Amino acid sequence: MTQLEVLNPVAIPVRHSVAPAPRPADLRGATIGLYWNMKAGGDEALSRVEVLLRERFPGTTFKRYHGSVGFLMRHCTPEDSDRMAREVQAVVGTTAD
């Protein structure tokens, strides 16, 4: 007699979570990273965020970032994240979705 074994073709998803970094008490004088994944409109949103944060937190400086992997959409690698963590006190990112 022939036996048929039926398997579930759905993979078990990998779950990975990271606790959010603690919020800084104050952004005055901080350097803030502005991360853009190159999707349309994200750069405009970050430009507006920069204007508003400059008004609210005197002495704040900004550094722009984009992911190092990809073509039309640039992904942030672990190395990119580590570099931002070393260089700035906070990061604002957009995906323009």
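In the predicted model, the radius of gyration of the protein chain is 20 Å, whereas a compact globule of 97 residues would have a value near 13 Å. The dimensions of the C-alpha trace complete this description: along its principal axes, the trace spans about 80 × 30 × 20 Å. Of the 97 residues in the protein chain, 24% are buried. The accessible surface amounts to about 7800 Å², and carbon and sulfur atoms contribute 57% of this area. With regard to charge, the protein chain carries 12 positive and 11 negative charges, and the mean positions of these two sets lie 5 Å apart.

The secondary structure of the protein chain consists of two helices and five strands. Read from the N terminus, these elements follow the order β-α-β-β-β-α-β. Contacts between residues distant in sequence were also examined. Among the contacts of the protein chain with a separation of 6 or more, 71% are formed by residues 24 or more positions apart.

Strand 1 covers residues 31-36, and Y35 is one of the residues in this strand. The relative accessible area of Y35 is 12%; because this value is under the 20% cut-off, Y35 is classed as buried. When residues up to four places away in sequence are set aside, the contacts of Y35 include L46, Y65, H66 and G67. Further along the chain, Y35 also touches R74, H75, C76 and M84, as well as V91, V92, G93 and T94. With R74 there is in addition a polar contact, in which the side chain of Y35 reaches the backbone oxygen of R74 at 3.1 Å. For Y35 and D82, which are 47 residues apart in sequence, the distance from C-alpha to C-alpha is 13 Å.

The loop between strand 1 and helix 1 contains M38. The backbone of M38 has a phi angle near 80°, which is a positive value in a residue other than glycine. The relative accessibility of M38 is 30%, and M38 is therefore counted as partly exposed, since this value falls between the limits of 20% for buried and 50% for exposed residues.

Helix 1 comprises residues 42-56 and includes E50. E50 has a relative accessibility of 15% and so counts as buried. The side chain of E50 forms a polar contact of 2.6 Å with the side chain of R54. Apart from neighbours within four places in sequence, the residues in contact with E50 are L34, F62 and R64. The position of E50 was also compared with that of A21. These two residues are 29 residues apart along the chain, and their C-alpha atoms are separated by 21 Å.

Helix 2, formed by residues 78-87, contains D80. The relative accessibility of D80 is 5%, which is under 20%, and D80 is therefore buried. Beyond the residues up to four places away in sequence, D80 touches G67, S68 and H75. The contact with S68 includes a polar contact between the two side chains, at 2.9 Å. Two of the residues touched by D80, namely G67 and H75, are also found among the contacts of Y35. Thus D80 of helix 2 and Y35 of strand 1 are both in contact with G67 and H75.

Notes:
Residues numbered from 1 in each chain as written. Predicted model: local features only at pLDDT ≥ 70, side-chain atom pairs only at ≥ 80, totals over all residues. Heavy atoms only, no water. Helix = DSSP H or I, 4+ residues; strand = E, 2+ residues; numbered from the N terminus. Buried < 20%, exposed > 50% of the residue type's maximum accessible area, 1.4 Å probe, protein only. Polar contact = N/O pair within 3.5 Å; in protein donor to acceptor, adjacent residues only side chain to side chain. Contact = heavy atoms within 4.5 Å. Rg over C-alpha atoms; globule rule 2.2 N^0.38 Å. Areas by Shrake-Rupley, 256 points an atom, 1.4 Å probe, with all protein chains shown as cover. Lys, Arg positive; Asp, Glu negative; His and termini not counted. Charge placed at Lys NZ, Arg CZ, Asp CG, Glu CD.
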